[in-house]
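Welcome! Please take a look at the sequence and the model below, and then let us walk through a few places together.

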Amino acid sequence: TVAPTTAVPTTVEPPGPSGTWTVDLDIGSFHDFSSTWVGYRIDEELGRGIGAATAVGRTPLVTGTVVLADDAVVSAEITADLRGLKSDRIYRDGKVFDVLHVDRHPEAVFVLDGPLPLVAGITEAAATMPGVLIVNGVAVAVDATLEATLVGDVLTVVGSLPVVLADHGVDAPSAPIVISVADHGVVEFQLFLTRVAAT
């Protein structure tokens, strides 16, 4: 008789990050901000007894591509369509469109400045990513602080970067109810990316 053979279980290593990743707008919902979005956060002082507030606006109209090696971010470019910006106040949105000159410069773009080394084999990383932010047609060098997590076939990237309005030729918005708006703020982002299938 022949002794039965016992199959030895094999483990399949999950794929590493190497490859081209693109923003996937089908993940989550913008209604509860569980999807991809890019937005701003800036302090303002409102009249009529409202007082200090933080203005937050976001757009779900985001595209972009990130190219990864196992040990580096090779390139990254993310584009946000500012025409999709929405906050909790319609009057604010109109003013934001005006000061950003969205009619002439409807997109904000972040481009990585050169490859960014990473620790090979990790699925979670925090990094400072140097790059160029283009708003209102004006390019400014910035450092984006981010956290990235790879789970299965979804790469999640969340983070922020500082922005000074005057650097981009942008005046702080004004309105009868607005006493003052800070001259600087933060660009925030939440991105879900999926890997482009090899051809």
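A residue is called buried when its relative accessible area is under 20%, exposed when over 50%, and partly exposed in between, using a 1.4 Å probe and protein chains only. Leu 165 is buried because its relative accessible area is 14%.

Before going further, a word on the source. This is a predicted model, in which local features need pLDDT of at least 70, side-chain atom pairs count only at pLDDT 80 or more, and totals for chains, interfaces and linings use all residues. Residues are numbered from 1 along each chain as its sequence is written, and side-chain values use heavy atoms, with hydrogens and water left out.

**Three loop residues**

Strands (E, at least two residues) and helices (H or I, at least four) are DSSP runs, numbered from the N terminus. The table places three residues in the loops between such strands.

| Residue | Loop between | Relative accessibility |
|---|---|---|
| Leu 165 | β10 (154-164) and β11 (178-181) | 14%, buried |
| Asn 136 | β8 (124-135) and β9 (138-151) | 9%, buried |
| Phe 33 | β1 (19-23) and β2 (37-46) | 37%, partly exposed |

Contact here means heavy atoms within 4.5 Å. Leaving aside residues up to four places away in sequence, Leu 165 touches Ile 42, Val 170, Ala 172, Ala 182, Asp 183 and His 184. The C-alpha atoms of Leu 165 and Leu 100 are separated by 9.4 Å, while the two residues are 65 residues apart along the chain.

With the same exclusion of residues up to four places away, the contacts of Asn 136 include Leu 100, His 101 and Val 170. Its side chain also makes a polar contact with the side chain of His 101, at 3.0 Å. A polar contact is a pair of N or O atoms within 3.5 Å; within protein, one must be able to donate a hydrogen and the other to accept it, and residues adjacent in sequence count only if both atoms are side-chain atoms.

Phi of Asn 136 is near 60°, a positive value in a residue other than glycine. Phe 33 also has a phi near 60°.

**Strand β4 and its partners**

Two strands pair if DSSP finds at least two bridges between them. β4 runs antiparallel to β1, joined by four bridges, and Gly 19 stands opposite Leu 68 in β4. With β5 (residues 72-81), β4 pairs in the antiparallel sense over eight bridges. Here Val 66 stands opposite Ala 76 in β5, and a hairpin of two residues joins β4 to β5.

Which residues form the covered face of β4? They are Val 62, Gly 64, Val 66 and Leu 68, whereas Thr 63, Thr 65, Val 67 and Ala 69 make up the uncovered face. In a regular strand the side chains alternate between the two faces of the sheet.
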